[in-house]
Protein chains: 2
Amino acid sequence: MDTAFKTFIDHFSTNYQLSDSSKAEICNHFSILHLDKKHVLIEENKRHDFAYFVVKGAVRSYYLKDGVEVNTWFALENDMAGSLHNFKDNPSRETLELVESSTLISINLKKIKALMLHNIQIAHFVNAIIEEYAFFLEDKIYFSQMMSSIDKYLILLDKEPQIFQRIPLTYIASYIGISRETLSRLRAK
Amino acid sequence: MDTAFKTFIDHFSTNYQLSDSSKAEICNHFSILHLDKKHVLIEENKRHDFAYFVVKGAVRSYYLKDGVEVNTWFALENDMAGSLHNFKDNPSRETLELVESSTLISINLKKIKALMLHNIQIAHFVNAIIEEYAFFLEDKIYFSQMMSSIDKYLILLDKEPQIFQRIPLTYIASYIGISRETLSRLRAK
DNA sequence: GAATTCATTTGACAAATGTCACAAAATCAT
DNA sequence: ATGATTTTGTGACATTTGTCAAATGAATTC
């Protein structure tokens, strides 16, 4: 099995049993992609049949608010990048765009959903991904309400220092929920 | 089967097949509770083996930020009330407290999780609940970033008018993410 | 490597919101 | 019912943050 496929599968199957044959079935619907910086993976308001796993590179997700981009998350190595709305057959609310030229695993959602229906191991695997996403969202809300802007900046800097080396501050400011000028002033201290 | 049990199960099993015997297995781990206003269902930082479904009444969830309560959600009739952290065997980050004297279904999480392992229908049922929660969290983030305070207030008023009749404005202000004084001033217009 | 585009910083000012203090209104308990 | 508690509203002021404008610095393209 491709090393990248194995990394991905192992990352989300620590709590459940996944047989070799189930792993092989999942991998049938994976492909490796090499795409350039600024490539748009998923467009806002469109249905899309694929989710992605970042092997190497960086992805951002944003939506438009009165013409201004609001960044919702960044995915680096070993992170998922996709839209839960797409998974549920709805149009994506966000645009997913590469911040760096990247190597990705693309995941055929329809095929995986078909497997989930009858293979309980695969159902557990996919649901572990959704659960992890729910935890991520809870954390995001928790920190957005619990912390001042400075604390949000310092915590992000502490927990995800790579982001500051690879993602423009303009995007990070929007992710934290402040203007880029305000972030710049916070950093000046 | 108890009518309340049926309402609960039907609400989360519209997209998947659930046999009568699976339904019966799930219901084995349900109970009906009648509890008074201000009763604490789940305490912050504690592990807890139950989740709840509101048959009649109102629940709020909050955590403490420097001694001040930050309200995260309200559950009314036919809503779930629980902690995803508890479901994953971790301490809850939030306190769940009754805003009104309520009738609830209590759900034994350990028992349901055991059923999920081998019954794919029950796995799909539980995961539908978690998925719905992830959608709820996404919406919450989306609206908190997309809308001005006034718009958040107006949208909440439009979409969930019952909340304003049953939940104190102090809690609602904290849910929207503004001080109670600011909410009071917004309402004055 | 020069030109162009993009990202970041800084200043000046306006707008939104928080905080503190207290008053008014509604609700609860005895 | 009435006193006590909780909830809501309002004023004055401080603080934070946003907005607009411009300058500087960094990166990319041809």
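## Two protein chains and two DNA strands

A polar side-chain atom of A:Arg185 lies 2.6 Å from a base nitrogen of DNA strand C; such a polar contact is a pair of N or O atoms within 3.5 Å, where within protein one must be able to donate a hydrogen and the other to accept it, and residues adjacent in sequence count only if both atoms are side-chain atoms. Please keep in mind that this is a predicted model, in which local features need pLDDT of at least 70 and side-chain atom pairs count only at pLDDT 80 or more, while totals for chains, interfaces and linings use all residues. Residues are numbered from 1 along each chain as its sequence is written, chains are lettered from A in the order in which they are written, and side-chain values use heavy atoms, with hydrogens and water left out.

**How the two chains relate**

- A turn of 180° with a shift of 0.0 Å along the axis lays chain B on chain A with an RMSD of 0.0 Å (copies are superposed by least squares on the C-alpha atoms of residues with pLDDT of at least 70 in both).
- That is the relation of a two-fold axis.
- Both copies use the same surface, as 100% of the contact residues of chain B recur in chain A.

**The interface of chain B and chain A**

- Chain B and chain A each bring 37 residues to the contact, which means heavy atoms within 4.5 Å.
- About 3500 Å² is buried between the chains, 59% of it on carbon and sulfur atoms; buried area is the accessible area (1.4 Å probe) that two parts lose on being put together, summed over both.
- B:Arg93, B:Glu138 and B:Gln145 supply 18% of the area that chain B buries against chain A, more than any other three residues.
- There are four salt bridges across this interface, each a side-chain nitrogen of Lys or Arg within 4 Å of a carboxyl oxygen of Asp or Glu.
- One of them joins the side chains of B:Glu131 and A:Lys88 (2.6 Å, N to O).
- Polar contacts link 14 residue pairs between the chains, both residues at pLDDT 80 or more.
- H5(B) gives the largest share of the side of chain B that touches chain A, 17 residues; helices (H or I, at least four residues) and strands (E, at least two) are DSSP runs, numbered from the N terminus.
- That side of chain B has 20 nonpolar, ten polar and seven charged residues, where Ala, Val, Leu, Ile, Met, Phe, Trp, Tyr, Cys and Pro count as nonpolar, Asp, Glu, Lys and Arg as charged, and the others, Gly among them, as polar.

**Around DNA strand C**

- Among the 17 residues around DNA strand C, A:Leu169, A:Thr170, A:Arg185, B:Ser179 and B:Thr182 come nearest; a residue is near a strand if one of its heavy atoms lies within 4 Å of it.
- Sugar and phosphate make up 51% of the atoms of DNA strand C that come within 4 Å of the protein.
- A polar backbone atom of A:Leu169 is 2.9 Å from a phosphate oxygen of DNA strand C, and a polar side-chain atom of B:Ser149 is 3.0 Å from a phosphate oxygen of this strand.
- H9(A) provides the largest share of the surface near DNA strand C, five residues.

**Around DNA strand D**

- A:Ser179, A:Thr182, B:Leu169, B:Thr170 and B:Arg185 come nearest of the 17 residues around DNA strand D.
- Of the atoms of DNA strand D within 4 Å of the protein, 42% belong to sugar or phosphate and the rest to bases.
- Polar side-chain atoms of A:Ser149 and A:Thr182 lie 3.1 Å and 2.6 Å, respectively, from a phosphate oxygen of DNA strand D.
- A:Glu181 places a polar side-chain atom 3.2 Å from a base nitrogen of DNA strand D.
- H9(B) gives the most to the surface near DNA strand D, with five residues.
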